[in-house]
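Hi,

Here is the model I promised to pass on. Have a look at it first, and then read my notes below.

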Amino acid sequence: MIKWKDDYKIGIYEIDNQHRRLFEIAEDTYNLLKNEFILDKYDKIIELISELKDYAKYHFKSEEDYMEKIGYKRLLSHKVEHKDFIEKIDSIDVFKIDQNQEAYVMELLDFIVNWISNHILEKDKKIISE
């Protein structure tokens, strides 16, 4: 479900590695959900979501700094997309996670992976092409 592909490379080594790490965190969360030997996964899920949010903030800052450095003309709209992503993660209802861990987190992961992959393919690739 959650695999890094070379199609996601934008050609900026540091940013590509950060994108890869975002996918790894999402994949770790998916693997945790599918682990049949851990019955109550709530604490670890919360930890991984927190890691994802913190790493996304770090990555977005790094990416925005790069765009500012090169004078990227779509920086402001890009920042808005980053802000919207963080707000979505901030709005996670931890009580819903506890009630139905697999269903809620799978829905969340679907959003995260689709957002990240679409954002990379549609927005981030433009950083080097414009």
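Helices here are DSSP runs of H or I with at least four residues, and strands are runs of E with at least two, numbered from the N terminus. Glu-14 has its place in helix α1.

Before going further, some housekeeping. This is a predicted model, with residues numbered from 1 along each chain as its sequence is written. Local features need pLDDT of at least 70 and side-chain atom pairs count only at pLDDT 80 or more, while totals for chains, interfaces and linings use all residues, and side-chain values use heavy atoms, with hydrogens and water left out.

Back to Glu-14. With 46% relative accessibility, Glu-14 counts as partly exposed (buried is under 20% relative accessible area, exposed is over 50%, partly exposed is in between, using a 1.4 Å probe and protein chains only). Leaving aside residues up to four places away in sequence, Glu-14 touches Tyr-58 and Ser-62, where contact means heavy atoms within 4.5 Å. Glu-14 and Glu-63 are 49 residues apart in sequence, yet their C-alpha atoms are 9.0 Å apart in space.

Two other residues of that helix are worth a click. Gln-18 is also found in helix α1, and at 3% relative accessibility Gln-18 counts as buried. With residues up to four places away in sequence not counted, Gln-18 touches Tyr-55, Tyr-58, His-59 and Ser-62. Glu-27 sits in helix α1 too, and on the same basis, not counting residues up to four places away in sequence, Glu-27 touches Ile-2 and Lys-3. The C-alpha atoms of Glu-27 and Trp-4 are separated by 9.4 Å, with their positions 23 residues apart along the chain.

Now the aromatics. A pair of aromatic rings is described by the distance of the centres and the angle of the planes. Rings of Phe, Tyr and Trp (its six-membered ring) pair if their centres lie within 6.5 Å; planes under 30 degrees apart are stacked, over 60 edge-to-face, and the rest tilted. By this rule the count comes to eight aromatic pairs. In one of them, the rings of Trp-4 and Phe-23 have centres 5.9 Å apart and planes at 75°, so the pair is edge-to-face. That pair links distant parts of the chain, 19 residues apart: Trp-4 is in the segment before α1 (13–34) and Phe-23 is in helix α1. Trp-4 and Phe-23 are both buried.

Phe-23 has a second partner: Tyr-8 and Phe-23 form a stacked pair, 4.8 Å centre to centre with 25° between the planes. Tyr-8 lies in the segment before α1 and Phe-23 in helix α1, so this pair ties together parts that are 15 residues apart in sequence. Tyr-8 is buried, as is Phe-23.

Elsewhere, ring pairs link Phe-60, Phe-85, Phe-111 and Trp-115 into a cluster. The charged end of Lys-88 sits over the ring of Phe-111, 5.2 Å from its centre (the criterion is NZ of Lys or CZ of Arg within 6 Å of the ring centre and within 35 degrees of the ring normal).

How do the helices pack? Axes are lines fitted to C-alpha atoms, for helices over the stretch in contact, and angles run from 0 to 180 degrees between N-to-C directions. Angles under 35 degrees count as roughly parallel, over 145 as roughly antiparallel, 65 to 115 as roughly perpendicular, and the rest as oblique.

- The axes of helix α2 (residues 42–70) and helix α3 (residues 75–90) come within 11 Å and cross at roughly 175°. α2 and α3 are therefore roughly antiparallel to each other. Phe-60 of α2 and Phe-85 of α3 are among the residues that meet there. The contact of α2 with α3 has eight nonpolar, two polar and seven charged residues (Ala, Val, Leu, Ile, Met, Phe, Trp, Tyr, Cys and Pro are nonpolar; Asp, Glu, Lys and Arg charged; the others, Gly among them, polar).
- α3 and helix α5 (residues 101–129) pack at about 170°, with axes 12 Å apart. α3 and α5 are therefore roughly antiparallel to each other. The contact includes Phe-85 and Lys-88 of α3, and Phe-111 and Trp-115 of α5. The residues of the contact of α3 with α5 divide into eight nonpolar, three polar and four charged.

Cheers
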